[in-house]
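User: Please take a close look at the surroundings of ligand 2, and then set them beside the surroundings of ligand 1. I am new to this, so please explain each term as you go.

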Amino acid sequence: MSLQLQVNASLKPFNSFGVDVRASLFAEAHSDDDVREALQCSAQRNLPLLVIGGGSNLLLTADVPALVVRMATRGIRQVEADGERVVIEAEAGEVWHSFVLWTLEQGLSGLENLSLIPGTVGAAPMQNIGAYGVEIKDVFAGLTALDRQTGELRDFTLEDCNFGYRDSVFKQQAGRWLILRVRFALSRAPRLRLEYGPVRQRLSEQGIDQPTATDVSRAISSIRSEKLPDPAVLGNAGSFFKNPVVSAALAAELKLAHPGVIGYPQADGRVKLAAGWLIEAAGWKGFRENDAGVHRLQSLVLVNYGSATGLQLLALAQRIQADIEQRFAVQLEMEPNLY
Ligand code: FAD
Ligand code: NAP
């Protein structure tokens, strides 16, 4: 038996909001065997199992009556190489940004726009993480997950994952699939994605006209460090709301009433609105009540100034949702996973 169980363990160090709640049982999984042992333990004790990675996309609203397992498996390997295309597999517990830097050091491009996203490799497919015009679906080559219902391993292809905007089959079937390792198709020949305005601008400020993938990673990391609060300093879970995708008719109506509204047309004719603009226009930027607040620079980010509870953060989020619906007839959906 190698799984080390802690009873009534604080989850404060394991969620980026820094919310102070406890898990009935807590353990770290360093191998597939640990994962299987955790599944057995949860069944024997009749306790639900909650798998976490870096805890950067969670809102914990109360003590968690579960066995919480933090994925701490490590390992990165090349599994295929065919001309410029190289497939790399990483274990679920690998830290995402360290993995991105490792791929860049190997001269592989594809993940540079996803630099500095907190969390683990195993959680990345959950919401098809995305930033600066790239989502993991764009470089996805497969993953292996454990079916918690049957205990069997299953390999997922791109089609199987049903990836959408901050969405996947793993989110749709929450609690069923435990992701063990993920594969990425990367390229020795960089095909850089620079269409997000601030990226080109930052590179040109640095005098770089012919960027490498590492230049792009550094530029994006510097933009992110300026705009986003560091969870180690100020608790947060990144964007708290997804950007809502609305009908073209509603977007046009909003544009008439609020000429500043920011929208991006989608392939299906609908329009993705910048939720941050709506929240800021409604006056929430910098709002604070007790220790729960809206970040002063980035209105999509809710923050914990110290001792906010998960319920206080949730109540603030719900007030913002109600206000945005009333002002703009737009429903904001929360992005973090609520427990
Ligand atoms: P956790 O928060 O630990 O878990 C998230 C969910 O995944 C939970 O439901 C959990 O049960 C489940 N899960 C975790 N690991 C596994 C596994 N191995 N198998 C099955 N289920 C699992 N997100 C973006 O998409 N783009 C961004 O640019 C971005 N920027 C961020 C910036 C900041 C400052 C912060 C705090 C967050 C940001 N996020 C962003 C959100 C977050 O970093 C990502 O969603 C990340 O992938 C979460 O990883 P995690 O390991 O912390 O997951
Ligand atoms: P930003 O550049 O201020 O832009 C605001 C929003 O407009 C973004 O959310 C983005 O949507 C959208 N947008 C901007 N340029 C676009 C373009 N050329 N085409 C289509 N949509 C465009 O955003 P930001 O807050 O600083 O974040 C920068 C990137 O990092 C974004 O991609 C964002 O999603 C990502 N990010 C995500 C989180 C998270 O927790 N999920 C946290 C921080 C940053 P999209 O979000 O759909 O890209």
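Analyst: A polar contact is a pair of N or O atoms within 3.5 Å, and within protein one atom must be able to donate a hydrogen and the other to accept it, while residues adjacent in sequence count only if both atoms are side-chain atoms. This is a predicted model, in which local features need pLDDT of at least 70 and side-chain atom pairs count only at pLDDT 80 or more, whereas totals for chains, interfaces and linings use all residues. Residues are numbered from 1 along each chain as its sequence is written, chains are lettered from A and ligands numbered from 1 in the order in which they are written, and side-chain values use heavy atoms, with hydrogens and water left out.

Around ligand 2 there are 16 residues, the closest being Arg166, Tyr196, Lys227, Lys272 and Gln298; to be counted here, a residue must have a heavy atom within 4 Å of the ligand. Among these closest residues, Tyr196 has a polar side-chain atom 2.6 Å from an oxygen atom of ligand 2, and Lys272 places an N or O atom of its side chain 2.6 Å from a ligand oxygen. With ligand 2 taken alone, 800 Å² is exposed, and the protein buries 79% of that (accessible areas come from the Shrake-Rupley method with a 1.4 Å probe, and for residues only the protein chains shown count as cover). Asn243 also reaches ligand 2 through its side chain, where an N or O atom is 2.8 Å from an oxygen atom of the ligand.

The shell around ligand 2 is made of six nonpolar, five polar and five charged residues, where Ala, Val, Leu, Ile, Met, Phe, Trp, Tyr, Cys and Pro count as nonpolar, Asp, Glu, Lys and Arg as charged, and the others, Gly among them, as polar. E8, helix H6 (213-227) and E13 each give at least two residues to this shell; helices (H or I, at least four residues) and strands (E, at least two) are DSSP runs, numbered from the N terminus.

Arg166, one of the closest residues to ligand 2, also appears in a record: an unreviewed UniProt entry annotates Arg166, Ser239 and Glu335 as "active site". These residues are spread over 170 residues of sequence, yet they cluster in space, with a largest C-alpha distance of 11.2 Å. UniProt positions are given in the numbering used here, feature names are shortened, and annotations may be inferred rather than shown by experiment. Ser239 belongs to strand E13.

Turning to ligand 1, 36 residues surround it, and Val51, Gly53, Gly54, Ser56 and Thr120 are the closest. The backbone takes part here, for a polar backbone atom of Val51 lies 2.6 Å from an oxygen atom of ligand 1, and a polar backbone atom of Ile179 lies 2.8 Å from a nitrogen atom of ligand 1. Taken alone, ligand 1 exposes 980 Å², of which the protein buries 95%. Strands E3 (49-52), E8 (130-131), E12 (177-187) and E13 (235-239) give two or more residues each to the shell around ligand 1, and that shell has 20 nonpolar, 14 polar and two charged residues. Strands E8 and E13 therefore contribute to both shells, since each supplies at least two residues around ligand 2 and two or more around ligand 1, strands being DSSP runs.
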